[in-house]
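Reader: I am in my first year and would like a close look at a single part of this protein, namely its nonpolar interior. Could you take me through that part slowly, and then show me how other pieces are placed?

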Amino acid sequence: MAIEGGSGVPYSFNLISEPFIPCILSNGQRAELSLRDALLRAQEVAEIRDDSPLVTIALHRLLLAILHRCNSGPKNAAERVAIWQSGRFDPARVTAYFDKWHDRFDLFHDSFPFFQRAGFVTKDPSGMNRLAQERSRGNNAALFDHTSDAASPPVTPARAARLVIAEQAFAVGGGKSETGNTTHGPLVSAAVVLAQGKTLFETLWLNLTVFHETAPVPSLPDDAPLWERPPATPHTQPRTPRGYLDYLTWPSRTLRLHVAEHETQIAVTAVSYAQGRALELPPLFFDPMVAYSRKDASEPYRPVRFNEYRELWRESGALFTLREESHGLNRAPTCLHTLTAAKLKGILPGSARHRLSIFGVCTDKAKVNFWRQETLPLPCAFLERPELVERLRQALAFAESVGTALRSAVWAAAKNRLTAAEGGTADTDRVRGVVDSFAPDRWYWSQLERPFGLLMLDIAASGADLDACIDRWYGDSLEMTARRAYDGTIGRMNAGRDLKAVIAGRGKLAVELKKFRDDNHIPSRQKAGAP
């Protein structure tokens, strides 16, 4: 059955048959596909791509939950290989599953609307911006967006479905609602990693982990996706997941869409919105699509996440660590282990190219600072040769050291400037304020993302000449970028006593860089053959 809107007309939008998943087909054309078509035509689809990275990864996780259920696993590596060898997801299994649970995927069902609570109505329903992280919503203002919760326009059912799916995964806590204070959804505090192949079939297969009662997380016998369980009041349910399927389909918000006819078409006009099921993960619960790291064995693992002041590619050491270290400081996403095993066993051809896409949000308490998708190349050599990851760590450590030298030079210039202007010893807090206002770190790191991607390819193709790769990274990227960052920030002060301070800081940077080069036996750029 479908709910009735204000006009008394029954509405229905079943995600199994209605197109709502934005895809790029293998021929380059864009199309929206239903759940059924996305899975049955996965070998014809290049990728899922929504304007919002949060929607993109949430849709992948939804499809993975369905595939785990359709395949009753896969319970072991052999079952997963069999799926790959078939070249497509089993149409009979997918069709039978959707036939069994057909009504549970209707967005407007009166008894069990998809990812919502039937009969739930708040006193003051919110506009649809409440479900879009990229829009102004509540007390979270978005730059250049002039809409508000109350004034947000209606959206299509397809758009509403995508927003609901993403919100359940990325809902940001810290506010109040009719069912209690809001808490974070399962993916707010982590960067979610997706190994991507040349088709959607390959992408989903690479991220389809072995699944049984102990893997990838401990699961109870009644573990099941949300739509298979009886309707319940989310905020009264247990906070610990029953297992992986429960976790993948976690209802972090209690929602109910309000639908009506709008300009002769069905539109979702508002949403009743409140706290859903709060999440408390048990110890040693590791999301297989997340990388984890810790500084030493005495600390708990923490998920790698986006940070406003630290680019995510700087965590590549954690992302690509596959072998067990002596103290287990890093845990790579499961998809990398899957890809490595497939390569080593010859299941995937050696020429196959993959990439690693990373999705997530950066929050400050109840506010979203930004949402992002970053993509890194995924040379297979890193999966097969652990020593390359060690060199990648070395390259990152070099970058950190040069970044420290840059900040030290800018600090010296700022201190010299304030001392000359005010006499006596410059106040440390004032020096720090000047350095932060010029933000040399941001300039420096923002210019290194592309060179780092090229470095990864260089290391993978280098054979035995890894030292030369690191030398080029230092001379052609790190040293040059540090000098440019200095000149582009505090180096812009070039008049009077400011010029003297700038020259002093530039001299300190030159000394620091030469010392680092000598200590690490890096030849000068001329000796290394650089222009």
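**The nonpolar core**

Author: In this predicted model, the largest nonpolar core is made up of 152 residues, and the ones with the most contacts inside it are Phe-20, Leu-35, Ile-66, Phe-105, Leu-257, Phe-320 and Tyr-444. The element that gives the most to this core is helix H11, which covers residues 386-422 and supplies 14 residues. As a general background, nonpolar side chains in soluble globular proteins tend to be buried together.

Let us begin with Ile-66, one of the residues with the most contacts inside the core. Once its neighbours within four places in sequence are set aside, Ile-66 is in contact with Leu-35, Leu-39, Tyr-97, Phe-98, Phe-105 and Trp-227. Two of these partners, Leu-35 and Phe-105, also appear among the core residues with the most contacts.

A second residue to follow is Ile-57, which lies in helix H2, a helix running over residues 53-70. Ile-57 counts as buried because its relative accessibility is 0%. With neighbours within four places in sequence again left aside, Ile-57 is in contact with Phe-170, Val-192, Leu-194, Met-289 and Phe-359. The chain also brings Ala-169 to a C-alpha separation of 9.4 Å from Ile-57, although the two residues are 112 places apart in sequence.

Helix H9, residues 334-344, can be read in a similar way, and its buried residues are Cys-335, Leu-336, Thr-338, Leu-339, Thr-340, Ala-342 and Lys-343. These buried residues pack against several elements, including helix H3 (77-86), strand E4 (192-196), helix H6 (200-206) and strand E10 (355-364). After H9 comes Gly-346, which has a positive phi near 75°.

The cysteines deserve a careful word too, since a disulfide is a covalent bond between the sulfur atoms of two cysteines. A search of the whole structure finds zero disulfides. For Cys-23, the closest cysteine sulfur belongs to Cys-70 and is 17 Å away, which is too far for a bond because a disulfide needs the two sulfurs within 2.5 Å. Cys-23 is nevertheless buried, with a relative accessible area of 2%, and Cys-362 also counts as buried, at 5% relative accessibility.

Finally, there is a small piece of sheet to look at: three strands form an open sheet in the order E8-E7-E9, with antiparallel pairing. Its edge strands are E8 (302-303) and E9 (330-331), each of which pairs on one side only. Strand E7, residues 292-293, pairs with E8 over two bridges in the antiparallel sense, and Ser-293 stands opposite Arg-302 in E8.

Key. Residues numbered from 1 in each chain as written. Predicted model: local features only at pLDDT ≥ 70, side-chain atom pairs only at ≥ 80, totals over all residues. Heavy atoms only, no water. Helix = DSSP H or I, 4+ residues; strand = E, 2+ residues; numbered from the N terminus. Buried < 20%, exposed > 50% of the residue type's maximum accessible area, 1.4 Å probe, protein only. Contact = heavy atoms within 4.5 Å. Core = buried A, V, L, I, M, F, W, Y, C linked by side-chain atoms within 4.5 Å. Pairing = 2+ DSSP bridges.
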